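Student: Please take a close look at one part of this model, the buried charged residues and what they touch. I would like one connected account.

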Amino acid sequence: MCGISGFCDFSKNFKKEPVLWERILTNMHHALAHRGSDSFGTYLDTHVGLSHARLSIRDIAGGSQPMIRQYEGRTCAIVYNGEIYNTDELLPPLLAAGYTFSTTSDTEVILCAYLHYGKDFVSRLNGIFAFAIWDSGTGELLLYRDRAGTKPFFYSTPGGTLVFGSEPKALFCHPDITPAIDENSLLELLSIGPARTPGNGIFSGMREVLPGHYQIFSREGTKQVCYWDLTAAPHTDSYEKTVEMVSYLVRDAVKRQMVSDVPVCTFLSGGIDSSIVTAIAAGCMQKDGQTLNTFSFDFAENDKYFQSNAFQPERDLPYVNIMLAHCQTHHTYLECSQSTLYEALFSAVDARDLPGMTDVDASLLYFCSLVARHNKVTLTGECADEIFGGYPWFYRPELLNRDGFPWSADVSARAAFLSGDVTDRLDLAGYSRARYEETISASPKLPGESPEEARRRAVGYLNIKWFMQTLLDRMDRTSMYSGLEARVPFADHRIMEYVFNVPWSMKYQNGVEKTLLRDACADLLPAELLHRKKSPYPKTYHPGYEKLLADHLRRIISDPNAPVYPLIDPKKAEAFLAAPKELGRPWFGQLMAGPQLMAYFIQLNDWMEKYHLSV
């Protein structure tokens with residue numbers, strides 16, 4: 001994984017002031033150095049500048065970027081962030097066509113595949129990626145993003161200049177871009193945050209390349225091309241055949257994602273998803289005479305303060321131990337204290353350039369920093385719930401049939417201490433509903449499908465386009481902040497395409513969520529774990545953490561100069577602080593309840609302060 005950035009303007013000649021523009025490119029990759037500090041590189045041509053911060057995973061000695069290739073009188077240059085998992089299939093036809101390779105990196109394969117197949121070559125790639133290709137022959141800069149949106153890719157076009165980067169902070173190194181927010185920013189943050197409307201960069205004028213899309217920037221302007229999306233199709237396989245296919249796809253995805261020139265580890269939460277990934281990865285390494293590193297996460301004194309609820313019925317630790325007895329790994333237990341968690345809230349804002357999923361982001365950021373001391377690459381169990389229907393809103397009728405985002409349908413909770421002026425001016429409920437209806441209307445439809453099955457398909461589409469995207473963004477930014485590459489086997493596009501069209505009756509049997517996945521991987525897990533009820537990422541229930549949040553929020557509402565102060569009604573906030581916090585009634589997802597609402601506004605204030613933003 002790496003950090004990419006750059007700019008393009010056909011009305012300028014950057015070579016007239018090479019020192020200035022090289023310095024800007026250098027500043028851009030320094031801003032992204034946490035994503036890859038192994039090496040840096042820049043490329044400057046008449047109308048384009050490219051910058052790269054490298055985390056060496058494949059061809060450590062020879063894979064430096066920007067990578068440049070001369071072909072039939074044209075110069076093509078690439079900066080790339082990601083991993084391609086099917087290079088073994090891509091190489092033979094390229095070699096047969098006469099292409100030669102001076103490295104074993106997947107970067108060179110991408111560049112040659114572009115030269116050979118043209119712009120739509122991206123549909124041949126299996127991987128996670130965000131990359132930019134400059135083609136002097138066509139006079140185009142092309143920006144590509146992977147199907148699931150696993151890798152971030154932001155851009156802005158101030159005054160006709162295209163400026164891009166893996167993270168917003170890189171764009172702010174360009175002299176024409178200054179952080180600012182507008183009414184749309186506030187609507188995103190307050191009505192649907194920490195999610196983002198696909199393509200919305202929150203900062204004024206900032207966008208993000210959509211998942212499954214690429215953009216062409218030329219003298220004629222910008223053109224957006226969709227190369228992949230989910231489609232509806234009849235599912236004709238029997239249950240037995242479906243189980244067999246899912247079993248193959250999951251195992252193949254994990255095995256492909258083991259490719260690396262440095263050791264790979266896994267996150268082992270004790271849930272079925274990470275346990276499946278761990279079992280397959282451990283088996284791959286054992287064949288090579290190696291032992292897989294695994295890591296589990298928890299919070300200090302959770303054995304004392306854990307509170308079971310409908311969303312989080314039990315702790316993970318006992319199931320981690322069951323899995324470790326079943327599967328030979330080298331395991332490390334990681335724990336986070338309340339003070340560390342609180343302090344990491346602010347680092348998480350640095351990592352994401354935005355407020356996020358508060359203590360979930362913060363704890364994952366801290367844990368990733370510890371894992372990065374041992375490994376550069378990890379596999380996670382993310383995305384299985386969105387694809388296989390593991391969340392309660394897939395099967396609990398009152399959540400499934402909500403007229404709005406099922407994980408965030410009621411905006412009143414998140415507005416608990418917003419001022420009346422803000423709620424009068426900003427139609428939070430209307431904005432959320434409009435974004436929801438846009439996605440529902442775009443959801444693929446199958447003729448003759450029952451209303452119930454159509455609703456489940458639409459909720460599945462919502463989850464992949466919204467909730468999964470939020471978690472993938474969280475995973476990328478919290479891991480890459482410490483130079484740790486996180487891979488997500490369940491987000492393999494072949495799994496998404498196949499399972500999306502599997503009927504709900506096959507995914508959910510006898511009142512058990514993800515029956516299909518459990519049956520497909522039954523041979524990999526011990527029985528106690530295989531039949532475990534889903535439990536989300538761990539959270540702390542320690543009163544000490546809540547006190548740290550409450551004290552900080554009180555400091556904010558007593559300071560009229562606090563950036564977020566104009567959004568808050570101090571009396572409402574005091575009443576909120578005085579009331580018992582509801583830990584089991586989330587306002588976003590399954591984990592963000594009363595304490596996390598405080599943390600969200602603390603992060604929002606910190607973000608506004610860091611970027612000198614005002615309402």
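**Buried charges and their surroundings**

Tutor: Arg-477 and Asp-473 sit 4 residues apart in helix 16, about one turn of the helix. The model is a predicted one, and all that follows is computed from it. The two residues form a salt bridge, with 3.4 Å between the closest N and O atoms. Both Arg-477 and Asp-473 are buried.

Arg-477 also has a partner outside its own helix. Its side chain makes a polar contact of 3.2 Å with the side chain of Asp-353. Asp-353 belongs to the loop between helix 10 (338-352) and helix 11 (358-371). With a relative accessible area of 0%, Asp-353 is buried. Leaving aside residues up to four places away in sequence, Asp-353 touches Glu-167, Pro-168, Lys-169, Phe-203, Arg-477, Trp-607 and Tyr-611.

Two of those neighbours, Glu-167 and Lys-169, form a salt bridge with each other, the closest N and O atoms being 2.7 Å apart. Glu-167 has a relative accessible area of 1% and is buried. Lys-169, at 16%, falls under the 20% cut-off and therefore counts as buried too.

Trp-607, a contact of Asp-353, is also touched by Leu-189. Leu-189 is found in helix 5 (residues 183-192) and is buried, with a relative accessible area of 4%. Its other contacts, not counting residues up to four places away in sequence, are Ile-202, Pro-355, Arg-414, Tyr-600 and Leu-604. Between Leu-189 and Tyr-600 there are 9.7 Å from C-alpha to C-alpha, although the two are 411 residues apart in sequence.

Helix 16 (residues 451-480) also contributes to a pocket: it supplies 7 residues, the largest share of the lining of the second largest pocket. That pocket has a volume of about 310 Å³. It is lined by 25 residues, and those closest to its centre are Pro-198, Leu-210, Pro-211, Lys-465 and Gln-469. By class, the lining has 12 nonpolar, 5 polar and 8 charged residues.

Side chains of opposite charge can pair when their charged atoms come close. The salt bridges in the model number 41. One of them joins Glu-83 to Arg-487, with the closest N and O atoms 3.6 Å apart. Glu-83 is in strand 5 (residues 74-84) and Arg-487 in strand 17 (residues 485-487), so this pair ties together parts that are 404 residues apart in sequence. Glu-83 counts as buried at 2% relative accessibility, and Arg-487 is buried at 0%.

Terms used. Residues numbered from 1 in each chain as written. Predicted model: local features only at pLDDT ≥ 70, side-chain atom pairs only at ≥ 80, totals over all residues. Heavy atoms only, no water. 1 Å grid on protein atoms, 1.4 Å probe; cavity = no way out; pocket = protein on both sides within 12 Å on 5 of 7 lines; lining within 4 Å. Points joined across faces, edges and corners; volume = space filled by probe spheres on them. Helix = DSSP H or I, 4+ residues; strand = E, 2+ residues; numbered from the N terminus. Nonpolar A, V, L, I, M, F, W, Y, C, P; charged D, E, K, R; others polar. Buried < 20%, exposed > 50% of the residue type's maximum accessible area, 1.4 Å probe, protein only. Contact = heavy atoms within 4.5 Å. Polar contact = N/O pair within 3.5 Å; in protein donor to acceptor, adjacent residues only side chain to side chain. Salt bridge = Lys/Arg side-chain N within 4 Å of Asp/Glu carboxyl O.
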